[in-house]
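Q: I'm new to this one, so could you walk me through one part of it slowly? I'd like a close look at a pair of neighbouring strands and what is around them.

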Amino acid sequence: MENYLDNLIELDENAIKKYNSTLDQEMKEILAYARENHIPVLLEDTAKLLFNLAYKLQPKNMLEIGTAIGYSGTLLLSASKTSLTTIENFESNYDLAKKHFDSAGISENVNMLFGDAFDVLNDLASQNKKYDFIFLDGPKGQYIKYLPILKNLLSDGGLLVSDNVHFKGMVFMEGTIPHKKRTIVVNLRKFLDAVKEDPEFEWKELKLGDGVMLSKINRKD
Ligand SMILES: C[S@@+](CC[C@H](N)C(=O)[O-])C[C@H]1O[C@@H](n2cnc3c(N)ncnc32)[C@H](O)[C@@H]1O
């Protein structure tokens, strides 16, 4: 039997038409700039999935960890023109994202927060903020540390979409993981296990792009 998340990931024809029309000259230039300057942004399949999810869900409000230069944020707001709060701690990325949101005419819908994601997330939680849709695309080694706060920030029934959870396939590697990547891989494994073991999460792990974990919260209290 197909479940909620299986249905949700099925690509909607109209979503894909809108996704294609969003990829105008300006978006292509943003993408080309990101690739040339080694700024990691969404892979194409992941971009389509993310767009499709936001299009089908039409969340009231969205949160993103890892703005980079505003590529995924612009896609999210084109799929669902509601409001997006997005966090970035690298100044030149933050400045470029601001410029891109301005020229796309969507600045009014964006709340850009500059700072370390852990601190900003804690601030948002202390203000009792809730989001229907969270896109986690910040530092991969920190996902496990963010998870309890993100859970708190999700509205009931809200969806957390976490990117790069397979980290170039390294989470499946047996034996020795390259030293420099070990902490990230170990922490990503802990993150995946924590989501899977949490009875309040309905989840689906996708081998799409660099690995995407979908987790929908159904609170038990
Ligand atoms: C994978 S990129 C985000 C890509 C973007 N979501 C997109 O697809 O267009 C990750 C971003 O997270 C930012 N970042 C890394 N560590 C961070 C931290 N501790 N707090 C906030 N942002 C952070 C990086 O500067 C980078 O711009």
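A: Strand S1 (residues 61-65) and strand S4 (residues 131-136) run parallel, and four bridges join them. This is a predicted model, by the way. One spot to find is isoleucine 65, whose bridge partner in S4 is leucine 136. Leucine 136 also touches residues further off in the sequence: leaving out anything up to four places away, its contacts include Tyr143, Tyr146, Leu150, Leu160 and Val161, along with Ile65.

Now zoom out a bit. S1 and S4 sit side by side in an open sheet of seven strands, ordered S3-S2-S1-S4-S5-S7-S6, with mixed pairing. At the edges are strand S3 (110-114) and strand S6 (201-206), each pairing on one side only. On average, neighbouring strands here are turned by 15° against each other, ignoring direction.

What lies across these strands? Helix H4 does, crossing S1 and S4 as well as strand S5 (154-163) and strand S7 (212-217), and it runs at about 170° to S5. Over at S6 and S7 you'll find helix H9 (residues 182-197), which runs at about 140° to S6.

Leu136 turns up again in the largest nonpolar core, which has 59 residues: Leu136 is among those with the most contacts inside it, and so are Leu50, Ala54 and Ile134. Helix H4 (residues 44-57) gives the most to this core, seven residues.

Finally, look at the ligand. It is surrounded by 17 residues, and Gly66, Ala68, Tyr71, Ser72 and Ala117 are the closest. Helix H5 (71-79) and strand S2 (83-88) each supply at least two residues of that shell.

Terms used
Residues are numbered from 1 along each chain as its sequence is written. This is a predicted model: local features need pLDDT of at least 70, side-chain atom pairs count only at pLDDT 80 or more; totals for chains, interfaces and linings use all residues. A nonpolar core is a set of buried Ala, Val, Leu, Ile, Met, Phe, Trp, Tyr and Cys residues joined through C-beta atoms within 7 Å. A residue is buried if 20 or more other C-beta atoms lie within 10 Å of its own, exposed if 12 or fewer, and partly exposed in between; C-beta atoms are placed from the backbone. Two residues are in contact if their C-beta atoms, placed from the backbone, lie within 7 Å. A residue is near a molecule or strand if its C-beta atom, placed from the backbone, lies within 6 Å of it. Two strands pair if DSSP finds at least two bridges between them. Axes are lines fitted to C-alpha atoms, for helices over the stretch in contact, and angles run from 0 to 180 degrees between N-to-C directions.
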